[in-house]
Amino acid sequence: MEPTDWWRAQVFKVAQAKSGGASPSRGERITPEMIKQQMHNVDDLSSLALTINDEEVHVFFLDTMVELAQLYENVFLPLQRSDGRDPLTVLPYAQPCREGNLDLLLANLLRGHTILFFLERELILHVNTFQVEHRAITKSESEATVLGPQDSFVEMLEINLSLLRRRLTTPNLKIVAYTIGTETQNRVAVLYLENIANEINVERVKTRIQNVEYQGFVGLPVLKQMLEDKPYSPFPQFGLTSRPDNVAAALLDGRIIIMLNGSPEAAICPASFLEMFSSPEDFYNRWSTASLLRMIRFFGLFVTILLTSSYVSVLTFHPEMLPPALLTILSESRSQVPFPPVIEVIFIELVIEILREAGIRMPTKIGQTIGIVGGIVIGTASVQAGLASNILIVLVSVSALLSFVPPNFLMSNAIRLVRYGFILMAGMMGMYGQMLMLAFLFAHLLNLTSLGTPYMAPGVPRQWTDLFNGLVRAPMKFIVYRNRMSRAKRKQARPVGEE
């Protein structure tokens, strides 16, 4: 009989059991009926009763996570040709299951393993046969660059780890895996370079992951919020990237990487405030160009939070601060606006946010059209209807553009939120309210930490060697020291090449 005919003759799908069952106690023998009871009403579970070399074998696997052709070629065909030999010899990748460990067996089944019950031998094996379609490696949409590598992470943890192994071919790259989520059983990987990373930071990350209690995670940004030092802060305390080259550079700098299966991002910790304004392309550009772009991003933060709020405070409380000619232009522009400046600014800011959200949720081509046409039409109509001044439309547009300058998307969201606080304080107390809000913002940032390290490093506390790669990026030959915030305690400040 041909192998394919044998396969077709043996394979059949067994109806699922209707009633549930309890897990066996430690040491109790696991039977195929227990698998059926625990997996009742799971329609993609396949149960096969095979006769291989006059021995009855019960097989369980999930149709949605296993390819039948690969299963037959890698598992059943070797068993058929084994001539009664030990299955562990025929299937070198198979792992035996300990008695009574039904939870582990079910977890492996749900991850794409195939479970084999050899009843006469009283042997239970599980083989990793996970094989599903996945997204191809493409360019990063959120961190696009002109220079440098163009690959990005995908939703499969194994592929993401392979992208890093290609770049860091060293046994010092350690990968510690955990399973979290009571329902989803997400696989989490913690990566670090053993001879470089700070041991205290590594232990902090491991402890926080082990202490997470949650039903499940649909993406790494959700897990990241549960691991941060100050979860109530609007500012992200861990870096987030989808580029393997960015992760490799962070590992070489002594950082710790957290990756989640099913998420195309990687979290970088510890992180600092200034790093949220640096892009991977900064190291591919010349140092002068990279420094200019970094300063534009950083000072754009202050412009976006102070521009529209200064419009409110000057027109409401401090008109004498403007030159007479400019004050006349502003007065004529607002002559038909019936609202106070603070209401006018908040109204236009909310319109911009609505247009942004509508453009994101709609299909790409329609979203771009809505964003451009909607902004022009609504802005022009608002000025003609007397709901806003034309000068305010210009200021809000510039402020909105500057809020998207930071490469970190979560930092952009935090800046837009903080901007509303400045507008409200400016409407209540004018320039004094702006300065009070600015002082509160700096106090909050100085109080933040990332894995216990200062969020405002390297500025506070200042380490002069870190300033070569801070707001200004020095030439590469000067960037030979790792950041003090991630340097291992047992190491002294030495060049990277001498460690």
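This report describes two antiparallel sheets, a helix that lies across one of them, a pocket and the surroundings of one proline in a predicted model.

## The sheet from S1 to S5

Five strands make up an open sheet whose order is S1-S2-S4-S5-S3, and the pairing within this sheet is antiparallel. Its edges are formed by strand S1, which covers residues 45–52, and strand S3, which covers residues 95–96, each of these strands pairing on one side only. S3 is held to strand S5 (residues 123–128) by two bridges, with the two strands running antiparallel, and within this pairing Gln95 has His126 of S5 opposite to it.

Helix H5 lies across S1, strand S2 (55–62), strand S4 (113–118) and S5, and the direction of this helix makes an angle of about 130 degrees with S4.

## The sheet from S6 to S10

A further open sheet of five strands follows the order S6-S7-S9-S10-S8, again with antiparallel pairing. The edge positions belong to strand S6 (173–180) and strand S8 (239–241), each of which pairs on one side only, and the twist from one strand to the next averages 25 degrees. At the S8 edge, three bridges connect S8 with strand S10 (residues 266–269) in an antiparallel arrangement, where Thr241 stands opposite Ala266 of S10.

## Strand S9 and its neighbours

Strand S9, spanning residues 256–260, is mostly covered, since five of its five residues are buried. Both faces of S9 are covered, with Ile256, Ile258 and Leu260 buried on one side, and Ile257 and Met259 buried on the other.

S9 is paired with S7 through four bridges, the two strands running antiparallel, and Met259 in S9 is the bridge partner of Ala189. Four bridges likewise join S9 to S10, and these strands also run antiparallel; here Ile257 of S9 is set opposite Ile268 of S10. The hairpin made by S9 and S10 has five residues between the strands, and in this hairpin Gly262 adopts a positive phi near 95 degrees.

## The second largest pocket

The second largest pocket has a volume of about 640 Å³. Its lining comprises 21 residues, and those that lie nearest the centre of the pocket are Met65, Leu110, Arg111, Arg187 and Asn261. Two elements give two or more residues to this lining, namely helix H5 (102–110) and strand S7 (186–193).

H5 contributes the most to the lining of this pocket, with five residues, and this is the helix that lies across S1, S2, S4 and S5. Sorted by class, the lining of the second largest pocket holds six nonpolar, nine polar and six charged residues.

## Pro78 in helix H3

Pro78 belongs to helix H3, which runs over residues 68–80. Its relative accessibility is 22%, and because the class of buried residues is confined to values under 20% while exposed residues lie over 50%, Pro78 counts as partly exposed.

When residues up to four places away in sequence are set aside, the contacts of Pro78 are with Tyr72, Glu73, Val90 and Leu91. For one of these partners, Val90, the separation from Pro78 is twelve residues in sequence, while the C-alpha to C-alpha distance in space is 6.3 Å.

Methods. Residues numbered from 1 in each chain as written. Predicted model: local features only at pLDDT ≥ 70, side-chain atom pairs only at ≥ 80, totals over all residues. Heavy atoms only, no water. 1 Å grid on protein atoms, 1.4 Å probe; cavity = no way out; pocket = protein on both sides within 12 Å on 5 of 7 lines; lining within 4 Å. Points joined across faces, edges and corners; volume = space filled by probe spheres on them. Nonpolar A, V, L, I, M, F, W, Y, C, P; charged D, E, K, R; others polar. Pairing = 2+ DSSP bridges. Axes fitted to C-alpha atoms, helices over the stretch in contact; angles between N-to-C directions. Buried < 20%, exposed > 50% of the residue type's maximum accessible area, 1.4 Å probe, protein only. Contact = heavy atoms within 4.5 Å.
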